Amino acid sequence: MSKHWTVRTYAPDELIIAHRESGRDVFFILEGHARITLFSENGREIVYGDRGPGDIVGEVAAIDGKARSASVVALEATRAARLPAPAFRRLIAEHPEFSWALLEHLAAGIRHMTERVYEFSTFVVRRRLILELLRRAEKPHEAASPVVIDPAPTHFELAASISTHREAVSREMSALAKKGLIERRGRRLLLCDVAALEMLAGKEE
């Protein structure tokens, strides 16, 4: 199987997979991070999620044989191992433990997408924004505030992640900062009161 692998490094912002291309190869991320994304007809970016070391991308096209469902772009210098679809399918057929791990990976993706569709369909922007900030925050070693997002995401990035526009994110971030719930310090964003943010995120509209 090792003879089928090819490894290369992608530069920041370099395309690893292009939306609607016909390729079927699968990529295993070894180092760095990549983003799964799409652009609407008017150029608005929609972010489906980020992937890091140990993650796999491109598996859907290898399984169903159809065109790529999204683009994958390197966020930083990213090393990935590329495996042709036929070799990937043999790996699934010959290694049941890998097949089960793949099923768990796909199930987790379905749960994540179901949760996000529910959020986009039923939650107001502030609630979606807070949930996204909490997801991005570094997990503290003990239940204490503040927790850190480093580097702080841009308002454009956050808007693309929660299906809204940058102006709405800027407005809500300003409101949260005025309440003392978040604070920008250099390249970092501090969540100053996680318990209060969680309470706001859990409120019914």
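## Asp25 and Pro84

In this predicted model, the side chain of Asp25 makes a polar contact with the side chain of Arg82, at 2.8 Å. Asp25 is found in the loop between strand 2 (15–17) and strand 3 (26–31). When neighbours within four places in sequence are left aside, the residues in contact with Asp25 are Gly58, Arg68, Arg82, Leu83, Pro84 and Ala85.

One of these contacts, Pro84, is found in the loop between strand 8 (78–83) and helix 2. Residues up to four places away in sequence not being counted, Pro84 touches His4 and Asp25. Pro84 is partly exposed, because its relative accessible area of 28% falls between the limits of 20% for buried and 50% for exposed. The C-alpha atom of Pro84 is separated by 17 Å from that of Thr9, a residue 75 places away along the chain.

## Aromatic pairs

The structure holds three aromatic pairs. One of them joins Phe88 and Phe98: the ring centres are 6.0 Å apart and the planes stand at 90 degrees, so the pair is edge-to-face. This pair links distant parts of the chain, with Phe88 in helix 2 (residues 85–94) and Phe98 in helix 3 (residues 96–122), ten residues apart. Both Phe88 and Phe98 are buried.

Tyr118 and Phe123 also form an edge-to-face aromatic pair, with 5.5 Å from centre to centre and 80 degrees between the planes. Phe123 has a relative accessible area of 12% and is therefore buried, the limit for a buried residue being under 20%.

## Charges over rings

Phe123 has a further partner in Arg127, which lies over the face of the Phe123 ring at 3.7 Å from the ring centre. Another arrangement of this kind involves Arg8 and Tyr10: the charged end of Arg8 sits over the ring of Tyr10, 3.9 Å from the centre of that ring.

## A three-stranded sheet and helix 4

Strands of a sheet pair through backbone hydrogen bonds, either parallel or antiparallel. Here, three strands form an open sheet in the order 9-11-10, with antiparallel pairing. Strand 9 (147–149) and strand 10 (182–185) are the edge strands, each of which pairs on one side only. On average, and with direction ignored, neighbouring strands of this sheet are turned by 30 degrees against each other.

Strand 10 and strand 11 (residues 188–191) run antiparallel and are joined by four bridges. Within this pairing, Ile182 has Leu191 of strand 11 as its bridge partner. Helix 4 (residues 125–136) packs on the sheet and touches strand 9, strand 10 and strand 11. The direction of helix 4 makes about 110 degrees with that of strand 11.

## Helix 5 and its surroundings

Which residues of helix 5 (residues 155–162) are buried? They are Leu158, Ala159, Ala160, Ser161 and Ile162. Among the elements that cover these buried residues are strand 5 (45–51), helix 3, helix 4 and helix 6 (166–178). Helix 4 thus appears in two settings: helix 4 packs on the sheet of strands 9, 11 and 10, and helix 4 is included in the cover of the buried residues of helix 5.

After helix 5 comes Ser163, a residue with a positive phi, near 60 degrees.

Conventions: Residues numbered from 1 in each chain as written. Predicted model: local features only at pLDDT ≥ 70, side-chain atom pairs only at ≥ 80, totals over all residues. Heavy atoms only, no water. Polar contact = N/O pair within 3.5 Å; in protein donor to acceptor, adjacent residues only side chain to side chain. Contact = heavy atoms within 4.5 Å. Pairing = 2+ DSSP bridges. Axes fitted to C-alpha atoms, helices over the stretch in contact; angles between N-to-C directions. Phe/Tyr/Trp six-rings, centres within 6.5 Å; stacked < 30°, edge-to-face > 60°. Buried < 20%, exposed > 50% of the residue type's maximum accessible area, 1.4 Å probe, protein only. Lys NZ or Arg CZ within 6 Å of the ring centre and 35° of its normal.
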